[in-house]
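Dear colleague,

I am handing over the structure that we spoke about, and below it I have written down what was found. Please keep it open beside this message while you read.

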Amino acid sequence: MMFSEAFLRYLVFGGMGLTALAIVLFIVFFLRDLKEETLW
Amino acid sequence: MENALSFLPPSLSWGLLFGLATIWVVLGFFFGRKAKNLEGFMLAGRNVGLAFGAATAVATWITSNTTLLAPQFAIQMGIWGMLAYCTASIGLFLFAPLAKRIQALMPHGMTSGDFVRLRYGPTAWKIFLLISSFYAVTWLVSMGMAGGLLMEVLAGIPYKIGMSVILFTCIAYTLIGGMYAVIGTDFLQTLVILIGVLVVAIFVFSATDLHVVYESVSTERPALLKVLFPAAIMAVFNNLLFGLGEIFHSNVWWSRAFAIRKGLGFKAYAFAGLFWLPIPIVAGFVALSADSLGIMPYRPDIIGPLVAGTVLGKTGAVLIYIVVFCSIASSIDSLLAATSDLVVKDFVGGLIYKGNISDEKLGKLAKICILVIGLGAWLACLPRIADLASVLFFAGPLVGSTVWPIITGLFWPKATKAGAIWGMVLGSTCGLWAYFSIGWFAASLVGTAVSMITVVVAATLSSHKFDFKLLDELPARPTPLTQGDRA
């Protein structure tokens, strides 16, 4: 039994999407912490 | 000297090396200005927010292995290889509830050694310190060596120079700014790594077609797409358990739990796990595209940079160079800071001074310690031992044996001192036996299983119940050893 092409597609798109989301959320968290003076 | 991949001209390679080194030292100095006292230097004032807290965990856990070994796993073990590497993020997810508990139980704690000493007493503490220091030193030296080797392979910079520049860059800014410098630079390094990996993946994705990638792999190496691939499935369990052991016991992760603002520990580690999870998949996909892009033959250990350089040319090589530099620096700085904290607070403050030492003196010793550990690591890296990775795997069963004493010690009042001591001793012994008799892939599993049985049996047979409030009595300075034996 082999992993299907669709599975590979979901994996790659999911991985790239999650990485992009991580970048956006890190920037959002940073700006929020900066605004609320809670960076550290 | 020509670089091995021929994508970077020597002038650019040297410029990048010294440019990046200067940038991180300057930024470390900038962030480190806030370190005014011992808590500031060692734990960034215990007030780190969500952005910096999650980022420092992600950056530390993205090592050169993540950016280079993950593609190798993909090219050797296929889709299971990508998934196997992803399991390392489970350690971050599972540490989230532990971080919450650690913050609640030990508002004045400083190291993982503090917990073991207060929870299980001096004997367990000394065994734990031996295991933890061995692991920290092997990880630090392996990262230093990886830095030198990668600078040589990626940019043609001689091993000793590349290794020395990366190591001394991290020593410099960690020495100047302590945990503030480490966490501040970690945030920027996380963004650089995530953006770099994503940009390379997008360009590789545009240069080929996923259908073609799938067809090439299924034609050239069908085993990589098999659902039942025994070696890869075993790698899943080994990676998972080794990762759990590494994170649960190491002061690198405990010091961050203490540094993050109270109430944010769970969130920071949960987000870190989520954000770390896709990196091996994205890096693995880049490697899987090699066949469809006609990149043959290749070395599995540099397949990621090779694909990036082929698709993006000089730009791709520069991106990968920066990503690799950041991924190594972000781990070395954290290891330097956390290991120095453990040595100063537990070995010097606890074992030598028996708690009778001022914060001011501890602060001075912490800086000396960073310098000594850094120089020691540099000396150990000079001979260029080729098989240090196997030494790191050797630490797998040792750290695996600490998982259950840590978990049960934090959550189960019946967990005992004897269970923890024998769990670590028997787990390590049986795990090392498995390492030599069966293979590296079974060592962590055996070490963790034996430790679990020992700890659980000892706790079940015991009628003693530990009062968790005792963990909150830790003063700012180390307590004398005689107060530690409470379990």
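Between chain A and chain B the count of salt bridges is zero, and since this is a predicted model, that count, like the other values in this message, was computed from the model. By class, the side of chain A that touches chain B is made up of 20 nonpolar, four polar and four charged residues. Polar contacts do occur across this interface, where eight residue pairs are found, with both residues of each pair at pLDDT 80 or more.

As for the extent of the interface, 28 residues of chain A are in contact with 47 residues of chain B, and the area buried between the two chains is about 3500 Å², with carbon and sulfur atoms giving 84% of that area. On the side of chain A, the residues that lose the most area to chain B are A:Phe3, A:Phe26 and A:Trp40, which together account for 29% of what that side buries. In case the use of an area is new to you, the size of an interface is often given as the accessible area lost when the parts come together.

Chain A itself has one helix and zero strands, and its C-alpha atoms fill a box of roughly 55 × 15 × 5 Å along the principal axes. Of the 40 residues in chain A, 40% count as buried. In the segment that follows helix H1 (5–35) of chain A you will find A:Glu37, a residue other than glycine whose phi is nevertheless positive, near 55°. Most residues other than glycine have a negative phi, which is the reason for pointing such places out. Chain B offers another example in B:Arg46, which is not a glycine and has a positive phi of about 55°, and which is found in the loop between helix H2 (38–43) and helix H3 (50–61) of chain B. The surroundings can be described for both residues, as A:Glu37 is exposed, with a relative accessible area of 71%, whereas B:Arg46 is buried, with a relative accessible area of 15%.

Which parts of chain B are enclosed? In helix H13 (residues 279–288) of chain B, 10 of the 10 residues are buried, so this helix is largely enclosed by the rest of the structure. Among the buried residues of H13(B) are B:Ile279, B:Pro280, B:Phe285 and B:Leu288. What covers the buried residues of H13(B) includes H1 of chain A, together with several helices of chain B, among them helix H4 (64–86), helix H8 (159–207) and helix H14 (303–312).

A single buried residue may also be worth a look: B:Ser89 lies in helix H5 (residues 88–105) of chain B and counts as buried, at 0% relative accessibility. Beyond its neighbours within four places in sequence, B:Ser89 is in contact with B:Trp61, B:Gly273, B:Trp276 and B:Leu277.

Finally, there are the cysteines. A search of the whole structure finds zero disulfides over all chains. For B:Cys381 the reason is distance, because its sulfur is 11 Å from the closest cysteine sulfur, that of B:Cys170, and this is too far for a bond. B:Cys381 counts as buried, at 0% relative accessibility, while B:Cys430 is partly exposed, with a relative accessible area of 27%.

With kind regards

Key
Residues are numbered from 1 along each chain as its sequence is written. Chains are lettered from A and ligands numbered from 1 in the order in which they are written. This is a predicted model: local features need pLDDT of at least 70, side-chain atom pairs count only at pLDDT 80 or more; totals for chains, interfaces and linings use all residues. Side-chain values use heavy atoms; hydrogens and water are left out. A disulfide is a pair of cysteine sulfur atoms within 2.5 Å. Buried means under 20% relative accessible area, exposed over 50%, partly exposed in between (1.4 Å probe, protein chains only). Contact means heavy atoms within 4.5 Å. Buried area is the accessible area (1.4 Å probe) that two parts lose on being put together, summed over both. A salt bridge is a side-chain nitrogen of Lys or Arg within 4 Å of a carboxyl oxygen of Asp or Glu. A polar contact is a pair of N or O atoms within 3.5 Å; within protein, one must be able to donate a hydrogen and the other to accept it, and residues adjacent in sequence count only if both atoms are side-chain atoms. Ala, Val, Leu, Ile, Met, Phe, Trp, Tyr, Cys and Pro count as nonpolar, Asp, Glu, Lys and Arg as charged, and the others, Gly among them, as polar. Helices (H or I, at least four residues) and strands (E, at least two) are DSSP runs, numbered from the N terminus.
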